[in-house]
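Please consider the structure shown below. The paragraphs after it lead from the ligand and its surroundings to the division of the chain.

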Amino acid sequence: MALVPFDQLQGKIWMDGDIVDWSDAHIHVLSHGLHYGSVVFEGERIYNGKIFQSRAHSQRLVGSAQMLGMDMPYSVDELEQIKRETADIQGLDDAYVRVVAWRGSDQMGISAQATKTHMACAIWAWPSYFPLEARLKGIKLQTSRWKRPSPDTIPCHAKAAGLYMICTLSKHEAEAQGFDDALMHDYRGYVAEATGANVFFQDGKTLHTPTPDCFLNGITRQTVMQLAKDHGLEVIERHIKPEEIADFHGCFITGSAAEVTPVALIDEHEFVVSDEIRALLTAYDALVRA
Ligand SMILES: Cc1ncc(COP(=O)(O)O)c(C=O)c1O
């Protein structure tokens, strides 16, 4: 299937208070966000016409802007309204929602005190999952040489564009070696997360997941932790050393885009897609459509 470039999709985009044609949603080349990474964003999904955990995503966007010292001209309630309005116009049942805010071109240089924050909301069709059988085979992760940075290096809890530079580098390197995605360690050497998703490991009836002290505490992660507890699993958040990976028999990643995706391999370590992981995947799919 030929890839349609994202600037050539059809529909309308909400941009700075206006509804514009998809092909007219431009920014100036001298936008601060483009040069200096002053960009925050959200990735959300619409299931059966409803945005899952919409408010939590809006709250995170406002928090991310605050962490970057960016003015956010919209409140959480206004963001909810903007997403609803865009979703109504696009009228899609299963879709992806991207809200992005960036510093404009009012000032060009490191200092950005005079810049205004711009925002856009784009929604495009995204069927909600691969055929179940394909997902249940599990994906392959390769450990990245890039590390999640320490909290005193960068605002690591913000969903900010700048933090994805190392994710793209990691993912490209993994893909070049035949893997689907990369597993990143943190600056201390602990297991952290995949390039766009959190990670869980299974040992019997217990799930272990890295403490999110230098990366996103994903909204899906939090949802799945509750689901796991509801399914009688114990969930332990802790620092996980890479050498422990060989002791786990199951692994999966979670994210708004990834949903619950089993992992079959990390480097040379193989995992089974256990009954418990299957059950969590199914329970998550049911919850988002409830
Ligand atoms: C780096 C990173 N970690 C974790 C996540 C999972 O976050 P969420 O479940 O809120 O989508 C994402 C996705 O946004 C991500 O990009």
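A polar contact is a pair of N or O atoms within 3.5 Å; within protein, one must be able to donate a hydrogen and the other to accept it, and residues adjacent in sequence count only if both atoms are side-chain atoms. The model is predicted, with local features needing pLDDT of at least 70 and side-chain atom pairs pLDDT 80 or more, while totals for chains, interfaces and linings use all residues. Residues are numbered from 1 along each chain as its sequence is written, and side-chain values use heavy atoms, leaving out hydrogens and water.

Three side chains make such contacts with oxygen atoms of the ligand: an N or O atom of Arg 60 at 2.8 Å, a polar atom of Lys 159 at 2.7 Å and a polar atom of Tyr 164 at 2.4 Å. The protein buries 95% of the 380 Å² that the ligand exposes when taken alone (accessible areas by the Shrake-Rupley method with a 1.4 Å probe; for residues, only the protein chains shown count as cover).

The ligand is surrounded by 14 residues (a heavy atom within 4 Å), the closest being Lys 159, Tyr 164, Glu 193, Thr 220 and Ser 256.

The protein chain is divided into domain 1 (7-125) and domain 2 (132-288), with bounds from an automatic or database domain assignment. Their C-alpha centres lie 26 Å apart. The contact (heavy atoms within 4.5 Å) takes 16 residues from domain 1 and 19 from domain 2.
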